[in-house]
Amino acid sequence: MAAKSQRNVPKAKITNDSVTNDSVTNDRTASQGQWGRAWEVDWFSLGSIIFLLLCAPFIVYYFIMACDQYSCALTGPVVDIATGRARLSDIWAKTPPITRKAAQLYTLWVTFQVLLYTSLPDFCHKFLPGYVGGIQEGAVTPAGVVNKYQINGLQAWLLTHLLWFANAHLLSWFSPTIIFDNWIPLLWCANILGYAVSTFAMVKGYFFPTSARDCKFTGNFFYNYMMGVEFNPRIGKWFDFKLFFNGRPGIVAWTLINLSFAAKQRELHGHVTNAMVLVNVLQAIYVIDFFWNETWYLKTIDICHDHFGWYLGWGDCVWLPYLYTLQGLYLVYHPVQLSTPHAVGVLLLGLVGYYIFRVANHQKDLFRRTDGRCLIWGKKPKVIECSYMSADGQTHHSKLLVSGFWGVARHFNYVGDLMGSLAYCLACGGGHLLPYFYIIYMAILLTHRCLRDEHRCASKYGRDWERYTAAVPYRLLPGIF
Ligand code: NDP
């Protein structure tokens, strides 16, 4: 595992200062440049990884098949098989296979996104006030490299959606229900891409890595495949796997998929329900926020800590577009119309969750960008100065924010995200468990992320991190966890 953190930590001493930023005395005990992802794999991690590699594709299939064949009743297939009403082979026989049309559509879709990503430098930052796009720098990697990125996701999202609406209202090249109508055949295409890109990234990491110093090999094939070998695999100077796969086939697709589900609901039931509108609007806010803040995303765990393997490659191609959109899919089969108080409650929960998510993330981003020379909740922020070492032996200095939401809990941004996630699920009413998968998954993902991130930060910052945990004792919810 990564380098151990130091012991015998003095208590945090943080005070408010009206003139300058406060900082806790720092003994500059940087950890030894081994703070990226694990070098050795314990049995629990290995077991979880093999479980996920084997089961995750079937979990996705099960959810989508349950909607297709059992109107989203998750227990339907199990009950049918247990009572002998159906065999696995019957269910499989009713599952639509991959089709030429789906393969063409998917190829066209991915090619279009690749072109938007690689061939169209960002122009949005030239006319949208406050938007940061164009060429931007990522965080320092464990090997001490700083990558440059072409940030043009907002532009890609806008052009893609412009084309979608132009087609729906003017051009009529294809039906807006096209995604729903080919949903399972497209699942096979997404799987092919997900496996292909993860396998390619693994081979590339071994034989022609972009930055060899940032590769990590654990000696365990499954771990390397799942969690990735290369940190920032690229083709050429600009095609960055992590930025492209997470953003484009994953997140640009998210809002299009929801729009297609809304179109299908209208086609089948004659109208679009308020629940479908809420899911479309709340998730669109989250997606647009992601692209508006794509530069900020360069500093999140996905980009600046995770290596690119099956977890990100397959996850972005299959898990994200198929399971993050379950609410919209469910509403095609169950056109829930919420009472006004229920709808308003869902909207408020979603908006308050979004507010916490955005403000917390913004506070950290602003704090880091200005090196602490900013106001958080109207005051000079409290700071813990820290240092760490990259693999090249260089010592770097950084700061941890102890004010605003980062003084309430160490990952309060996750709480906002969880509130938003719960709102999407509650929009689907109480008829079935399936749409609640998202909040269950996000709760597990983000709790695990807290632990994973804290392990990494403890390795990276040593005693300085322990000062932070002493100053802000709770991870997610003050007094609880
Ligand atoms: P964070 O944005 O919380 O970033 C964690 C990193 O921030 C740490 O590794 C550390 O990095 C730095 N940091 C931690 N504490 C402090 C502090 N007090 N002051 C300054 N810097 C600090 O985590 P994520 O990247 O996981 O999440 C970003 C957002 O994305 C979250 O809001 C999350 O909810 C969302 N998200 C959504 C997912 C989804 O599937 N919908 C999945 C994952 C995340 P450093 O090494 O730079 O110090």
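Trainee: Which domains each give at least three residues to the shell around the ligand?

Mentor: Domain 2 (98–334) and domain 3 (338–480) do, with bounds from an automatic or database domain assignment. Keep in mind that this is a predicted model, where local features need pLDDT of at least 70, side-chain atom pairs count only at pLDDT 80 or more, and totals for chains, interfaces and linings use all residues. Residues are numbered from 1 along each chain as its sequence is written, and side-chain values use heavy atoms, leaving out hydrogens and water.

Trainee: How many residues surround the ligand, and which are the closest?

Mentor: The count is 27, and Tyr-324, Asp-417, Asp-453, Lys-460 and Tyr-461 are the closest. To get in, a residue needs a heavy atom within 4 Å of the ligand.

Trainee: What makes Tyr-461 a polar contact of the ligand?

Mentor: A side-chain N or O atom of Tyr-461 is 2.4 Å from a ligand oxygen. The cut-off for a pair of N or O atoms is 3.5 Å, so this pair qualifies. Lys-460 passes too, its side chain putting an N or O atom 2.6 Å from an oxygen of the ligand. With Leu-401, a backbone N or O atom sits 2.8 Å from a ligand nitrogen.

Trainee: How much of the ligand's accessible area does the protein cover?

Mentor: 94% of the 920 Å² that the ligand has on its own, going by the Shrake-Rupley method with a 1.4 Å probe.

Trainee: Which helix supplies the largest share of the shell?

Mentor: That's H19, with nine residues. It spans 437–461, and a helix here is a DSSP run (H or I, at least four residues).

Definitions and conventions:
Polar contact = N/O pair within 3.5 Å; in protein donor to acceptor, adjacent residues only side chain to side chain. Helix = DSSP H or I, 4+ residues; strand = E, 2+ residues; numbered from the N terminus.
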